[in-house]
Amino acid sequence: MAITQARARALLLTPAGLWYAALLLFPLAVVLIFSFGERNPIGGYAPGFTLEQYANLPARFAAFRNTLTLAPLGTVAALLIAYPLAYYLAIKVSVRWKTTLLILVIVPFWTSILIRSYAWIYLLGGNGIPALLEAFGLGELRLINTPFAVLVGIVYGYLPLMVFPIYVALEKLDKSLLEAASDLGAPPWRSFLQITLPMSMPGVMTGSMLVFILLTGEFLIPAILGGGKVFFVGNALVDLFLQSRNWAFGSAVAVALIVIMLIVVALYTRAVRRFGVRRDDVGLM
Amino acid sequence: MRFYAVAVYGFLYLPIAIIALFSFSAGRSASSMDGFSTGWYVRALSNPFVMEALWTSLKVAFFSAVLATVSGTMAALALTGMKGRLRAIFDVLVMIAVMIPGVVIGIAALIALATAFSAINPWLEVVLGRQLSMGLGTLIGLHGMFTMSLVVLLVRGRLETFDRAQIEASNDLGASPLGTFLQVTLPQIAPAILAGFLLAFTFSFDDFIMAFFVAGSETTLPIYIFSSIRRGVTPEINAIGTMVMVASLTLLIIAQILLRTGTLRAKG
Amino acid sequence: MTRDNSPITRQKFMEELRRYEKGSITRRHFLGATGLGTAMAVMGGAVPSLLPGRAQAQDLGNRVVLATWPNYHDAANFDRFAEETGVFAQVNVFGSNEEMLAKLQAGGSGWDVFVPTNYAISTYVEADLIEPLDLSRLPNYDAAAFEQRFADAGTIDGTTYAVPKNWGTTGIAFNSSKTGGVVDSWKTFFDGARDQFDGRVMVHDYQLTTIGNALVYFGHSFNSVDPAELADAENLLIDVKPHLFAISSDYQPSMRNGDAWLTMCWTGDGKQMNSDMPEIGFALGREGGEIWSDYYAVPKGAPHREAAYALINYLLDPEVNAREALAHGYPVADSRTNALLPEELLNDPILYPAAESLTPLEFGAAVTLTDPNRAELMARFKSA
């Protein structure tokens, strides 16, 4: 019985295993190997073993710096905007409206981020919000193709991803606790700080983590709203393969990006232990 | 508080509304409203490249979602209740697949497949008279690899929460393993499988970055839209965008109705 | 390859330029649009063009994939091509020769026809990515009808890999209602970007022109790969970057809606914008810049080779080519086509600037495409 069960398991895992081997492990192995290679004079990859590509990583310092400032900034901005909304949805809204309002949050997330991002070209372009502000005499302002535009796009794109886990966490909050606190004379800010906020931490952690991971690998939003000027590592990476044709260095940048993400995930896992997030709180989608 | 919520919803829907509004403009300018017309929809729908890109996207989304759902569900069934090294390996694989950015996966697949193809193709040419190249196959493969991981997570989550006593009871009552699976397990996890399928489909349909690298000469709808907006937004692109959003919305509503059984909440 | 070395290219260029300057006294002569001989060439070219299309209609398949540059064709010509041959053209647009080369190098591009620029062709040959053309399948190509200096880069060591499409220049497009006049020097371009035109200037997402024109700003060669000169260019570009509106080769939308006032610009884009909005002008940098010619070529392993030849042959038909030129506003080096174009286009100062303003311009050199320092400089500039 045990043997057949093991065999059945192996059979069931075969398609997934082959798939991962061919399109996940093999490509990642190639990237790792290429990252120690050299650039072919006419572009592409030339075999070799050198640490030159890694030594050259500081040449993309700006892209890493942009990513590692704008990604946390975008995460925090999304969190600050999402938290009150999640709080409102979880605690203030009547049951009747809850589902509808929740769906309204998730709908934009399910539509193409490409289309939602390019909509901001209008709003931030010279004939959009800046023209409006100028009409009110607020002076000339340039928004499109700036880090600010990218930040707006980021917050806009990933807001739903932040609202949901926080909502789920707050939803579990036992409201009688809040009532008890208020009965005992605690001011609202105190019961928020001592009860609501700690209880919602798992959601905050999950949402922040999801958004941060996605932002670290972001390419599309800077490409559309950054005008080629605001570069994330993802953009630098695409450039290395589609313009400079430097596969070896591109592979090294990719490896560096993966390492950064692993570090972030490791830090998150530690934070999760500290805040006591349970596994089943982490689900979203 | 309510005012704040209204403001956030405004933030979420304003750009979408503007796209939808301008798509009905009668004028040529994509950034102003000159009269009302559905002409740009007619134009978009009669543009052979748009329709071809749409068709490509639908094909890729459907086949990659089917394959991802089947193999993802199989893997989830095997992994549930499993221990040992194999389980650990798969856990890591699923996590890597979900965590690594699409741009890295796309580029990695591109250079790996390009290298492999150029090594294999001279032989294939001799043996089969055909060659491998980037295209629908690589695109379906890569989308499916990623979305399969989502399916594994969803279905396994569902499998782990349901009552294993039911399976034992079914076995005790003399049902065959297949019978138990079909009668007990499958109905329990069906909503998660369906949700996984829809998620996989939507992801593939919307994905730009992986497709950008491994689509070869194929043009999916997001690739078409991306290369179009590089040359300036037109009302036609707005019309396409509006239709895509309405389609996604419809899909979402259908999913909601199908999953009314309450299992959607289990996955958050 | 000796022809890659910029001194020789420059020398050759000077010779050709002198030839042109002599000819420029009678511009119509330079254009080759002269009398009876041309008319015969037109007839000779136009008649066979229809024959292969029809005769081979069965084996052409129904699609052909073209990789080209933005705003570079008359869409109606593709419709006519589809009507005539049943082959639908799928047009993919790129922003730089690097991008095209990268896509071909990765394999499986699926292209049938692409449009490399003069200096890129030798690299494609070296990388074995381009197919020698079977000229017998291009009856509309008449080498004698083409101005030599805009056609010779297509033939390498006696083998023809590419046939000429258009030539042009890389200059400056300016919105005169905002810039308050003509901008015709790279000095004003880069200095103004940091001053009176702050936040309104665009440069190409293209190493050749963006680095090249920054080099020209310092009086260096457009094609320089000298590390010290490249360092000058890098300092300038990095310094200018925060003041730029965008780094993009698709500058028409931003110029037209007024977000950008000034951009590096190819001839035809300048002409297109100028036709629609007379306040947008086009000028060549006084200090120099690029003169170029583009070519049609077939990549190795093109999936629809028959259709590729049919499309190139169709586009080389002088009548078709003339319609193309009217739509995109790039000059043609084919005398048969020029004979069909209206006088005002042939005298258009954007398409055919005064010969002395062409004097300081340089053809791109092959070494710029493969030089790792230029590629890396551009990447550093963009990610800075």
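I began with A:Leu237 in this predicted model, and I found that A:Leu237 lies in helix H11 of chain A. I then asked whether A:Leu237 is buried or exposed. The count gave 28 C-beta neighbours inside 10 Å, and because 20 or more are enough for the term, I noted A:Leu237 as buried.

Next I looked up what A:Leu237 touches, leaving aside residues up to four places away in sequence. Within chain A, I listed A:Gly250, A:Val253 and A:Ala254, and from chain B, I listed B:Val103 and B:Ile107. I also checked A:Phe219, which is 18 residues from A:Leu237 along the chain, and the C-alpha atoms of the two are separated by 9.0 Å.

From there I turned to where chain A meets chain C, and I recorded 28 residues of chain A in contact with 30 residues of chain C. On the chain A side, helix H3 (61–92) and helix H11 (233–242) each supply at least two residues, and the largest share, 5 residues, comes from H11(A). Sorted by class, this side of chain A has 11 nonpolar, 11 polar and 6 charged residues.

Last I looked inside chain C, which is divided into domain 1 (2–167 + 293–354) and domain 2 (169–291 + 357–383). I noted that 28 residues of domain 1 of chain C are in contact with 30 residues of domain 2 of chain C. On the domain 1 side, helix H1 (6–23), helix H5 (97–106) and helix H6 (121–126) of chain C each supply at least two residues, with the largest share, 5 residues, coming from H1(C). By class, I entered 12 nonpolar, 12 polar and 4 charged residues for that side of domain 1 of chain C.

Methods: Residues numbered from 1 in each chain as written. Chains lettered and ligands numbered in written order. Predicted model: local features only at pLDDT ≥ 70, side-chain atom pairs only at ≥ 80, totals over all residues. Domains from an automatic or database assignment. Contact = placed C-beta atoms within 7 Å. Helix = DSSP H or I, 4+ residues; strand = E, 2+ residues; numbered from the N terminus. Nonpolar A, V, L, I, M, F, W, Y, C, P; charged D, E, K, R; others polar. Buried ≥ 20, exposed ≤ 12 C-beta atoms within 10 Å, placed from the backbone.
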